[in-house]
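Visitor: I am new to this structure and would like a close look at a single part of it. Please take one residue as the starting place and work outward from there.

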Amino acid sequence: MSYGRVPRRRFTLLAVPAATVTLALALSACGGSDDKVGGGGNTNFVTGSDGITTVDKADRKAAPKLDGETLDGKQLDVSAFKGKVVVLNAWGSWCGPCRLEAQYFSRVAKETKDKGVQFVGINTRDPKKGPAISFEKDYGVPYPSFYDPAGKLMLRFPKGTLRPQTIPSTVVLDREGKIAARSMTALDSDKLHKMIDPLIAEK
């Protein structure tokens with residue numbers, strides 16, 4: 001799907017009941033966004049011209065509990081990574097922009113692993129695991145991904161935070177498990193480092 005076919009209307013996942021999550025994701029999927037409004041319109045959010053939205057350290061809110069089964073059938077709880085910078089990437093094997101960014105995520109995950117950074121995927125809207133597992137093998141993805149076909153993990157992000165709203169979306173947590181940055185477009189290595197490096201440097 002090309003970047004030119006972007007729906008004009010935005011759909012916020014938290015504004016719909018769980019029964020319509022799949023529909024909401026379908027409408028917002030692969031729709032790269034230049035949305036300048038943070039979840040809830042919080043004026044503490046600052047969005048740059050590159051589409052990356054950040055929050056000052058003093059204004060950050062805690063991420064929700066994110067736990068569940070991974071694509072390889074294991075149980076994962078993001079809280080186990082507290083003390084690390086955590087990069088959460090919502091993706092689907094069916095999503096063109098996700099394929100474009102996958103090589104960069106794999107590369108930067110390897111580059112930053114020894115700097116206290118943990119990448120975690122949230123695979124969504126893949127009704128079967130097979131295509132998602134093949135996707136990870138094709139792009140050499142070195143980190144785990146939740147298997148979340150209905151998008152329930154994305155719905156856990158509270159209103160008024162930088163929540164993932166499209167596919168792909170990337171949310172970065174600081175070392176205290178608080179939401180620090182978000183992008184709702186496909187990212188390359190430079191933009192990933194722009195989101196991650198300041199958090200690595202924080203004391």
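Guide: Threonine 170 sits in strand E8, which covers residues 169–173. The model is a predicted one. Threonine 170 counts as buried because its relative accessibility is 0%, where the cut-off for buried is under 20%. Its side chain is in polar contact with the side chain of asparagine 89, at 3.1 Å. Leaving aside residues up to four places away in sequence, threonine 170 touches Val87, Leu88, Asn89, Phe105, Ala181, Arg182, Ser183, Leu187 and Met195. Several of these names lead to other parts of the model.

Just ahead of the strand there is a detail of the backbone. Proline 168 lies in the loop between helix H4 (152–155) and E8. The peptide bond that joins isoleucine 167 to proline 168 is cis, and its omega is near 0°.

Met195, one of the residues that threonine 170 touches, leads to helix H5. This helix runs over residues 189–201 and has 13 residues. From its first C-alpha to its last it reaches 18 Å, close to the 18 Å expected at 1.5 Å a residue. Even so, H5 has a kink of about 30° at methionine 195, shortly before proline 198. At the start of H5, a side-chain oxygen of aspartate 188 comes to within 3.2 Å of the backbone nitrogen of aspartate 190. The buried residues in H5 are Ser189, Leu192, His193, Met195, Ile196, Leu199 and Ile200. For the spacing in such a list, a general point helps: an α-helix has 3.6 residues a turn, so residues three or four places apart point the same way. The cover over the buried residues of H5 includes strand E5 (85–91), helix H2 (96–112), strand E6 (117–123), E8 and strand E9 (179–183).

Phe105, another contact of threonine 170, leads to helix H2. H2 has 17 residues, and from first C-alpha to last it reaches 25 Å, close to the 24 Å expected at 1.5 Å a residue. At alanine 102 the helix bends by about 35°. Its buried residues are Gly96, Pro97, Cys98, Glu101, Ala102, Phe105, Ser106, Val108, Ala109 and Thr112. Among the elements covering them are E5, E6, H3, E8 and H5. H2 thus appears in the cover of H5, and H5 in the cover of H2.

Alanine 109 is also in helix H2. With a relative accessibility of 8%, alanine 109 counts as buried. Setting aside residues up to four places away in sequence, alanine 109 touches Phe119, Pro142 and Tyr143. The C-alpha atom of alanine 109 is 8.6 Å from that of valine 141, and these two residues are 32 residues apart along the chain.

The aromatic rings come next. There are four aromatic pairs in the count. In one of them, tryptophan 91 and phenylalanine 135 have ring centres 4.5 Å apart and planes at 25°, so the pair is stacked. Tryptophan 91 belongs to strand E5 and phenylalanine 135 to helix H3, so this pair ties together parts that are 44 residues apart in sequence. Tryptophan 91 is buried, at 4% relative accessibility, and phenylalanine 135 is buried too, with a relative accessible area of 8%. In another pair, the rings of phenylalanine 105 and phenylalanine 119 have centres 6.0 Å apart and planes at 90°, so that pair is edge-to-face. Phenylalanine 105 lies in helix H2 and phenylalanine 119 in strand E6, so here the parts tied together are 14 residues apart in sequence. Both phenylalanine 105 and phenylalanine 119 are buried. Ring pairs also link Trp91, Phe135 and Tyr139 into a cluster.

One more ring has a charged neighbour. Arginine 125 lies over the face of tryptophan 94, at 4.5 Å from the ring centre. Arginine 125 is in the loop between E6 and helix H3 (129–138). Its phi is positive, at about 60°, although arginine 125 is not a glycine. With a relative accessible area of 25%, arginine 125 is partly exposed, whereas threonine 170, where this account began, is buried at 0%.

How values were computed: Residues are numbered from 1 along each chain as its sequence is written. This is a predicted model: local features need pLDDT of at least 70, side-chain atom pairs count only at pLDDT 80 or more; totals for chains, interfaces and linings use all residues. Side-chain values use heavy atoms; hydrogens and water are left out. Helices (H or I, at least four residues) and strands (E, at least two) are DSSP runs, numbered from the N terminus. Buried means under 20% relative accessible area, exposed over 50%, partly exposed in between (1.4 Å probe, protein chains only). A polar contact is a pair of N or O atoms within 3.5 Å; within protein, one must be able to donate a hydrogen and the other to accept it, and residues adjacent in sequence count only if both atoms are side-chain atoms. Contact means heavy atoms within 4.5 Å. The expected span of a helix is 1.5 Å times one less than its number of residues. The bend at a residue is the angle between axes fitted to the seven residues ending there and the seven starting there. Rings of Phe, Tyr and Trp (its six-membered ring) pair if their centres lie within 6.5 Å; planes under 30 degrees apart count as stacked, over 60 as edge-to-face and the rest as tilted. A charge sits over a ring if NZ of Lys or CZ of Arg is within 6 Å of the ring centre and within 35 degrees of the ring normal.
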